[in-house]
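Student: I'd like a close look at one part of this one, please. Could you walk me through how it's held, piece by piece?

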Amino acid sequence: MSRSILLTGASGYLGGTFLEFLKDAGLPAHKIYAVVRSDKQAEAVKQYNASPMSLDLSDTDAVSAAIIDNNISIVYHLHNPLDMSTPAWIKALATVKQQTGQHVHFLFTTGAKLFSSHAGAPTEPFSDTDPSLLSIQQSQPSKAPIDAMGLGARCNNLVVETAKAHGVRSYIFAPCIVYGRGLGFGNKISIQTVAVVKAAVATRRVYKVDDGYPTWPVCHVEDNSTLYVEILRSILGGEDVGEGESGYFLASPGSVAWDEIYAAMGKALKKRGVVDDETVVKADRAALESMGEGIDCPADFVPMQLGGLCTWVPEHGKKIGWKPKYAAEHILEAADAEVELILEHMGNARSYAIPKGTPLKQ
Ligand SMILES: NC(=O)c1ccc[n+]([C@@H]2O[C@H](COP(=O)([O-])OP(=O)(O)OC[C@H]3O[C@@H](n4cnc5c(N)ncnc54)[C@H](OP(=O)(O)O)[C@@H]3O)[C@@H](O)[C@H]2O)c1
């Protein structure tokens, strides 16, 4: 039976590239509804054989009705890792399950930050197939050094707990430092690597923000998209890829050190005259203030935007047959092209919006 899928974030970097890959993925029959916010986006999604759906995502009644009225049995949520309204979406899926007898699925896009030092996650290696991930995440809000990160962990837990209570299969999909040219019709650049460039433009230098040599998972945007596709292929094929407490996916081939990323990007920025000196040094308070101006966030939040330690290890994707094309170190080889791409599109760059004056902890 053909399935109906609801996709959010189609005009974004990740959602747009996912749609592009979906076109030629040879998946079983399905219908895609892509949520749009303008006539231009509505027209653009049609080239991917998606049906545009105008929907105010903050209106939970409207979201529930859209899911139920269109017999949506799969949701790919790609627009807000801090969304607390997901129970309404999940309950609507449960209604579709009751009405059709089909399994229903909710994929929630979070971020590797919610599994990092910023969010009170373990700082020793732990796998995305670890059976205790839900209890790890449940312990994080009280430990998270940054309130917004504790909230992100709570949002993930809300998805897993609500889905379990309502018989919905849930997946927590975590992109990391994603890089490479976005292939969708909308945003072409990552919200992650752009922060390094914007901070460097503001200070005319690339600064490191941590002591030591912390590492972070990375992923080419095309590989991030093929993992979204492979999960969908399995769902449409009726396979159980692991869901709920076993449904976490870190989309990454592996990690690299921030210092290596800063150095590679610093070199590319020096070549283009954006920084005066390509040597990377530790940011002092004044540098953090200037970097914060550049990336439009308070100085205390700068390390969260472009640093930190994430020791989460990706194993789940490979277990379901996902084969990333690019090794983790490719991000260093691609740094020159990445800087070029960001400088070309920086006027339209997006970032994590954290209003000035927001405290780290309430
Ligand atoms: N890129 C990364 O490296 C990365 C890493 C970790 C996590 N993530 C997370 O993954 C998700 C997608 O990232 P991205 O890089 O694709 O972000 P993006 O390029 O900024 O795209 C965000 C998408 O969400 C849509 N959107 C945002 N708020 C919305 C709302 N209230 N109603 C309807 N649509 C809304 C945007 O629509 P408009 O175009 O109409 O604004 C756009 O399509 C985000 O939640 C992000 O936090 C991304």
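Tutor: Between domain 1 and domain 2, seven residue pairs are in polar contact, both partners at pLDDT 80 or more. A polar contact here is a pair of N or O atoms within 3.5 Å; within protein, one must be able to donate a hydrogen and the other to accept it, and residues adjacent in sequence count only if both atoms are side-chain atoms. This is a predicted model, with local features needing pLDDT of at least 70, side-chain atom pairs counting only at pLDDT 80 or more, and totals for chains, interfaces and linings using all residues. Numbering starts from 1 along each chain as its sequence is written, and side-chain values use heavy atoms, leaving out hydrogens and water.

Salt bridges (a side-chain nitrogen of Lys or Arg within 4 Å of a carboxyl oxygen of Asp or Glu) are a different story: there are zero between domain 1 and domain 2.

So who's who? Domain 1 covers 3-179 + 219-250, while domain 2 takes in 193-216 + 254-310 + 326-348, with bounds from an automatic or database domain assignment. Their centres, taken over C-alpha atoms, sit 28 Å apart. Domain 1 puts 16 residues into the contact and domain 2 puts in 18, where contact means heavy atoms within 4.5 Å.

As for area, domain 1 and domain 2 bury about 1400 Å² between them, and 70% of that is on carbon and sulfur atoms. Buried area is the accessible area (1.4 Å probe) that two parts lose on being put together, summed over both. On the domain 1 side, keep an eye on His-118, Ile-177 and Tyr-179: they supply 45% of the area that domain 1 buries against domain 2, more than any other three residues.
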